[in-house]
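Trainee: I'm new to this one. Could you walk me through how the labels come about?

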Amino acid sequence: MEEFRQEEITSALIRLIRKKREAIGRPVRIMEVCGTHTMTVYRYGLKPLLEEAGIDLLAGPGCPVCITPDDYHEIIIDLLTRRSKTIVATFGDMTRVPTAKGSLQTAVPAPSSRLKIIYSPLEALDLAQENPDCEVIFFGAGFETTIPSIAFTIKEARARGLKNFSLLAACWLIPPPLRAILESGEVAIDGFLYPGHVSTIIGSRPYRFIAEEFKIPGAITGFEPNDVLLGINSVLDQMMDARPEVAIEYRRVVSASGNPKALALMAEVFEVRDAFWRGLGLIPQSGLGLREEYHEFDTLKRFSLHLSPSEKSFNPGCRCGQVLRGLLRPPECPLYGRLCRPENPYGPCMVSYEGACLIHFKYGQRWS
């Protein structure tokens, strides 16, 4: 992996990018969809170098913690605080998202209930086996990268015969929100950097509509500094040739067809549904829910609950939704760095390690 961080190669790629951008004759705006790309851009100091070269990078909606509406968090908080003998298991970032009801981290569990931070969905199954007198609810959030492991966990729960395990699914698909952003016409985008991890599962084909319908170039790329620069270089080549496509600049991991076994597993356990995204609203066919044959593991059905997601926010001053659409940069939010800081976040973009606000706060200020 050394060559993907080698400074000499980085410098050469920056020079090449500057030369091509100058040949285009105007600034170029590219959206990096994945929060991990945003982290790479800031952490390795690429942001100022690219700005000097005339490349304007925008953060996109690729942070599952950030785009999950408050209603999901409030339902799980209610279950933890009102039901005894309940264990809520979830990933660490999900516990810190602030809502009108507080966060999972600050919620006071009901008697004999508790919150458990896990690193793998299968840990939730182990909790269910080890605590047969408790209801174990896995609050599972993620994109196509994480969803296959969640699907496997559901199948494994059935194989183990677990009757005290359920899933509150906050599972989202990446391509549909990109269409929503483009169709809104709110922000001009010259190209996309598509997420490498998601693309490992879905391949390159689901992004083709962007090149074919919207005539916008894009490249799937990895997460090392020079990976990102190779992706930008590819977008510029496509612009210069006026031949938009979905280039794969991460061939050591990604193929056009993705991972057929993972896709089949997802399709077996989940079905595609319309879903509400923070900042983007209701997006057709952008989320997943458990298929009918797996409803026994659906938290909402088990406890007769109903989600009513909306753009409501316990803090209307938070501009996280606009950041996720590429309309606003973190420092342009009136709360950023003042009332909203990592130790006291007002929105999920300051919570998640893939959140644009936290990334900018942690790394971006050194370049300001």
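Mentor: Sure, and keep in mind that this is a predicted model. Let's start with Cys63 and Cys66: both are buried.

Trainee: What makes Cys63 and Cys66 a disulfide?

Mentor: Their sulfur atoms are 2.4 Å apart. A disulfide needs two cysteine sulfurs within 2.5 Å, so this pair qualifies.

Trainee: And why is the disulfide of Cys63 and Cys66 called right-handed?

Mentor: That comes from the torsion about the S-S bond, which is about 65 degrees, so the link is right-handed.

Trainee: How many disulfides does the structure hold?

Mentor: Two. The other pair to look at is Cys320 and Cys349, with sulfur atoms 2.2 Å apart. The cut-off is 2.5 Å, so that pair counts too. With 65 degrees about its S-S bond, the link of Cys320 and Cys349 is right-handed.

Trainee: Where do Cys320 and Cys349 sit in the chain?

Mentor: Cys320 is in helix 14 (residues 320-324), while Cys349 is in the loop between helix 14 and helix 15 (356-363). They are 29 residues apart, and the pair links distant parts of the chain. Both Cys320 and Cys349 are buried. Counting bonded cysteines along the chain, the disulfide pattern is 1-2, 3-4.

Trainee: How do you know that Cys171 is too far from the closest cysteine sulfur for a bond?

Mentor: The closest cysteine sulfur, in Cys63, is 15 Å from the sulfur of Cys171. Set that against the 2.5 Å limit and there is no disulfide to call. Cys333 is in no disulfide either: its nearest cysteine sulfur, that of Cys318, is 5.8 Å away.

Trainee: Are Cys171 and Cys333 buried or exposed?

Mentor: Buried means under 20% relative accessible area. Cys171 has 2%, so it is buried. Cys333, at 7%, counts as buried as well.

Trainee: Why is Ser112 called exposed?

Mentor: Exposed means over 50%, and Ser112 has 55% relative accessibility, so the label fits. Ser112 is in the loop between strand 3 (86-90) and strand 4 (114-117). Its phi is near 65 degrees, a positive value in a residue other than glycine.

Trainee: What makes Gln285 partly exposed?

Mentor: Its relative accessible area is 44%. Partly exposed covers what lies between the 20% and 50% cut-offs, so Gln285 belongs there. Gln285 lies in strand 11 (residues 281-290). Its phi is positive, about 55 degrees, although Gln285 is not a glycine.

Technical notes
Residues are numbered from 1 along each chain as its sequence is written. This is a predicted model: local features need pLDDT of at least 70, side-chain atom pairs count only at pLDDT 80 or more; totals for chains, interfaces and linings use all residues. Side-chain values use heavy atoms; hydrogens and water are left out. Helices (H or I, at least four residues) and strands (E, at least two) are DSSP runs, numbered from the N terminus. Buried means under 20% relative accessible area, exposed over 50%, partly exposed in between (1.4 Å probe, protein chains only).
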